[in-house]
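Here are my notes on the model you sent over, in the order I worked through it. Have the viewer open while you read.

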Amino acid sequence: MYDLMKDVKEKMQPAVDVAEINKKAAEKLFALQSEYVTDFVNSCVSQMKALTEVKEPQQAVELQMSYFKELETKLADVAEKEYATLNDAKDQITEVVEKSFAEMRDNDYVTEMTKYVNEATEAATKYMNNAAEVAPAAPVAKPAAPKKAPAKTSRKTAAAK
């Protein structure tokens, strides 16, 4: 007999795979962002401490310049990691989609559908035959005789009466 749940599970597997790929990519992106924000806050605190110890304005400007260059480097590094994560996810999803389309081309859906319809028809026929054997036969009422329409009379005949 045709196993509908198994078939649905097999057909939905690519969607499940894509969802899993997206989930892993999102988790990695969240981890990268969380790490960056934590590092950013810590470096801000360190920078503020360093600025409080500065005596000369030129020193403060140099300290700020090096701080911003360091932030730029860290941001670029995080952006590259995020981009790599997104590209990796895109490649994996592309692979799943291409595999699904290849399987669709390889399957003869007309044959599969015909097989399904035949199995369903066979099961329905078997069920109906079993139900007919079990159920008592209902008495069949004879159809009523059709009523005759009254004869048409012309105006002259009606006036004469």
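1. Let me start with a charged pair near the beginning of the numbering. K6 and E10 form a salt bridge, and their closest N and O atoms sit 4.0 Å apart. The cut-off for a salt bridge is 4 Å, so keep that value in mind when you look at this pair. K6 and E10 are four residues apart in helix α1, so about one helical turn separates them. Both ends are partly exposed: K6 has a relative accessible area of 49%, and E10 comes in at 47%. Bear in mind that this is a predicted model.

2. Now the overall layout. The protein has four helices and zero strands, so the order of elements from the N terminus reads α-α-α-α. Of its 161 residues, 10% count as buried. The accessible surface comes to about 14,000 Å², and carbon and sulfur atoms account for 62% of that. If you take the contacts with a separation of 6 or more, 80% of them are between residues 24 or more positions apart.

3. Back to charges, this time between two helices. The side chains of K74 and D39 meet in a salt bridge, with 2.8 Å from N to O. K74 belongs to helix α2 (residues 57-106) and D39 to helix α1, so this pair ties together parts that are 35 residues apart in sequence. Each partner is partly exposed, K74 with a relative accessible area of 23% and D39 with 28%. The pair also has company: D39, E70 and K74 are linked in a network of salt bridges.

4. How many salt bridges does the count come to? The answer is five salt bridges. One I haven't mentioned yet is K90 with D91, where the closest N and O atoms are 3.7 Å apart. K90 counts as partly exposed at 47% relative accessibility, and D91 is partly exposed as well, at 43%. As a general reminder, side chains of opposite charge can pair when their charged atoms come close.

5. On to the aromatics, where the count comes to two aromatic pairs. One of them is Y36 with F40: the ring centres are 6.3 Å apart and the planes lie at 25 degrees, so the pair is stacked. The cut-off behind that label is planes under 30 degrees apart. Y36 and F40 are both in helix α1, four residues apart, or about one turn of the helix. Are these two residues buried or partly exposed? Y36 is buried, with a relative accessible area of 16%, whereas F40 is partly exposed at 34%.

6. F40 turns up again when you look at S43. A polar atom of the S43 side chain lies 2.9 Å from the backbone oxygen of F40. S43 is found in helix α1 and counts as buried, at 11% relative accessibility. Which residues does S43 contact once its neighbours within four places in sequence are left aside? They are Y67, L71 and K74. That brings us back to K74, the salt-bridge partner of D39.

7. Another serine is worth a look alongside S43. S46 lies in helix α1, which spans residues 4-52. Unlike the buried S43, S46 is partly exposed, with a relative accessible area of 47%. Y67 comes up here too: the C-alpha atoms of S46 and Y67 are separated by 9.9 Å, with their positions 21 residues apart along the chain.

8. Last, a nonpolar spot on the surface. L4, V8, M12 and V16 make a nonpolar surface patch of about 350 Å². Among them, V16 has its place in helix α1 and counts as partly exposed, at 47% relative accessibility. Patch members need over 30% relative accessible area, so V16 qualifies on that score with its 47%.

Key: Residues numbered from 1 in each chain as written. Predicted model: local features only at pLDDT ≥ 70, side-chain atom pairs only at ≥ 80, totals over all residues. Heavy atoms only, no water. Buried < 20%, exposed > 50% of the residue type's maximum accessible area, 1.4 Å probe, protein only. Phe/Tyr/Trp six-rings, centres within 6.5 Å; stacked < 30°, edge-to-face > 60°. Patch = residues over 30% accessible without salt bridge, like charges linked within 9 Å, V, L, I, M, F, W, Y side chains within 5 Å. Areas by Shrake-Rupley, 256 points an atom, 1.4 Å probe, with all protein chains shown as cover. Contact = heavy atoms within 4.5 Å. Polar contact = N/O pair within 3.5 Å; in protein donor to acceptor, adjacent residues only side chain to side chain.
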